[in-house]
Amino acid sequence: MKPTLLAPALLLSLFGCASAGVQVIHVVDSATGRGIPLVRLELTDNQIFWTDSNGIVAFSDPSLMGQRVWFGVSSPGYQCPSQFMNTPGIAVDTHPGGSATLKLTRDNIAQRLYRMTGVGIYQDSVLAGLPAPIQNPLLNGGVAGQDSVQCLEYQNKLYWFWGDTGRIGGPLGNFSMSGAVSDLPAKGGLDPSLGVNLHYFTDPHDFCKPMIDDSGKGPKWASGMMVVNDHQGQPKLLCEYARVSGLAPPLARSLALWNDQRQIFEKFKSLDLNDPLYPDGQPFRVAAGGSDYFYFPLPYPLTRVRADWDHVTDIHEYEAYTCLKPGTRYAQTQTQLDRDSQGHLIWSWKRDTAPLRELEERDLIKAGLMKPSESWYQLKDIETNKHIMAHGGSVEWNPYRHKWIMIFTQFFGGPSLVGEVWFTEADHPEGPYKFARKIATHPGKDFYNPIQHPMFDQQGGRIIYFEGTYTNTFSGNTDPTPRYNYNQLMYSLDLADPRLKLEPK
């Protein structure tokens, strides 16, 4: 039988009453009975509580025990049916050892499951004396917060890598990537509906150690993680990394190889910053034209390379799917567009040529160098027919849908700057992707660089899992969510949901 998280009421019945000193508030999905993380409960005296990954708040305010207490309730993508004078919430008669359950209606198509990283993932469950599904429910690797995740299978394990990582033990963290391993679900790992047991690579102080061996100036951001056999047939873990100064153009780019003994990436080859192509994003493998390729989605997979050692390690073997003439970096004139004798744009794979990004394409259309009908970026909201500018995401083949599916966030999408998550699909990995449907919302917050984990697929690809970075960094919201901010949230998505039909009306 497939394990699942137990409903909070059932947790109490199986493991006894809650801790005698707390009143337990359970917030659950009305359709599934599963606890909902990231639910905000606010008292009339402005105290704020957030549910943990079991959907639990362990309330222990001694001044309010034995009182009827009103909890205002809100959560992105969910509605609270219980209301008083149009205010969503619940009134609870609090007492030590008490328990109350609140059911929310999910508007999101995707289901929010749990927080992957940070402090106190199951803090309230532990305070309430309830079980948590992961080995380290309170603190793991000294991590306070972690930026965008990448995950891939290597040496029969899952290897996880994150960007900038905040620490509990000091104001400065690790800015040279952090890493961890976990067991595959079929080889001793947890069912992904329950969670992931992460085993961090740590330093002598039990904090995440740097994953990039480079003492150069600036933080190091790695991407484009690939496993490829070398000339001796040995699998090697390889990535690209940039030394950066904030969001400005990088100071340097390099390829790096993972050292199994030292458990760190070592610089392998410097890259020319002027080269238009390099590995980036979360690669996925594609069989095309009799060869295997790595495709790199940002979020559209318009860069690829043959999946062998000689091609992967030679940046000039990388190709872009583009309508620019070979060798072009950026089209500013009509003569830099690749057209046939009839004047039709030639979209094809070309080496040493830049992909045409959406904003660049808009500039060409605005200048009259391209017709709107020639645009490659024609993705629209299936409900409103409005154009969607995709920001970041990942692409994977889905055996259930028999399509390439892309999970991505929208740039400048209300009600958040980059917190709206969408689903789309196409017959070919590079597209075209035509229609999309929103599957999750994070109003006033960010949820960027969502990554699907195909190794977690269940029921032949019907159930998929993805996670992304939840934060307030770019939203303009100056009120970060305690403990959830700048951490990873995991979602699941049932691809049999009839709302995911992408046929225009």
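This passage goes through a predicted model, from confidence and cores to salt bridges and backbone oddities.

The ground rules come first. Numbering starts at 1 along each chain as its sequence is written, and side-chain values use heavy atoms, with hydrogens and water left out. Since the model is predicted, local features need pLDDT of at least 70 and side-chain atom pairs count only at pLDDT 80 or more, while totals for chains, interfaces and linings use all residues.

On confidence, the protein averages a pLDDT (the predictor's confidence in each residue, from 0 to 100) of 94, and 96% of the residues score at least 70. The weak spots include residues 1-6, where pLDDT stays under 50 and the model has 16 contacts (heavy atoms within 4.5 Å) beyond four places in sequence. Residues 12-17 are also below 50, with nine contacts beyond near neighbours in sequence. Where pLDDT is low, the predicted coordinates should not be read in detail.

Next, the interior. A nonpolar core here is a set of buried Ala, Val, Leu, Ile, Met, Phe, Trp, Tyr and Cys residues joined through side-chain atoms within 4.5 Å. Buried means under 20% relative accessible area, exposed means over 50%, and partly exposed is in between (1.4 Å probe, protein chains only). The largest such core has 33 residues, and Y300, L337, F408 and Y433 have the most contacts inside it. Two or more residues each come from β22 (284-288), β23 (291-297), β28 (390-398), β29 (403-410) and β30 (421-426); strands (E, at least two residues) and helices (H or I, at least four) are DSSP runs numbered from the N terminus. Another core, of 23 residues, lies apart from it and has L113, M116, I134 and I451 among its members. In soluble globular proteins, nonpolar side chains tend to be buried together.

Two polar residues are buried as well. Q452, in strand β32 (residues 446-452), has 0% relative accessibility. Beyond residues up to four places away in sequence, Q452 touches Q282, S394, E396, I405, I407, D457, I464, Y465 and F466. E430 is in the loop between β30 and β31 (435-440) and is buried at 12% relative accessible area. Leaving aside neighbours within four places in sequence, E430 is in contact with Y295, P301, L302, Y321, W349 and W376. The C-alpha atoms of E430 and T303 are 8.7 Å apart, with the two positions 127 residues apart along the chain.

At the surface, V126, L138, L139 and I168 make a nonpolar patch of about 330 Å². Patch residues have over 30% relative accessible area and no salt bridge, with like charges joined within 9 Å and nonpolar side chains (Val, Leu, Ile, Met, Phe, Trp, Tyr) within 5 Å; the areas come from the Shrake-Rupley method with a 1.4 Å probe, and for residues only the protein chains shown count as cover. L139 is in the loop between α2 (123-127) and β11 (143-146), and is partly exposed at 44%.

As for charges, the count comes to 19 salt bridges, each a side-chain nitrogen of Lys or Arg within 4 Å of a carboxyl oxygen of Asp or Glu. D213 pairs with R262, the closest N and O atoms being 2.9 Å apart. This pair links distant parts of the chain, 49 residues apart: D213 is in strand β17 (residues 212-213) and R262 in the loop between β20 (252-259) and β21 (264-271). Both partners are partly exposed, D213 at 36% and R262 at 40%. R401 and E425 form another bridge, at 3.0 Å between the closest N and O atoms. R401 is in the loop between β28 and β29 and E425 in strand β30, so this bridge ties together parts 24 residues apart in sequence. R401 is buried at 19%, and E425 is buried at 17%. Bridges with shared partners also join D213, R262 and E266 into one network.

Finally, the backbone. Most residues other than glycine have a negative phi, and most peptide bonds are trans. The G414 to P415 bond is cis, with omega near 5°, and P415 is in the loop between β29 and β30. The G431 to P432 bond is cis too, with omega near 10°; P432 is in the loop between β30 and β31. L38 has a positive phi of about 65° and is buried at 0%, whereas H402, with phi near 55°, is exposed at 55% relative accessibility.
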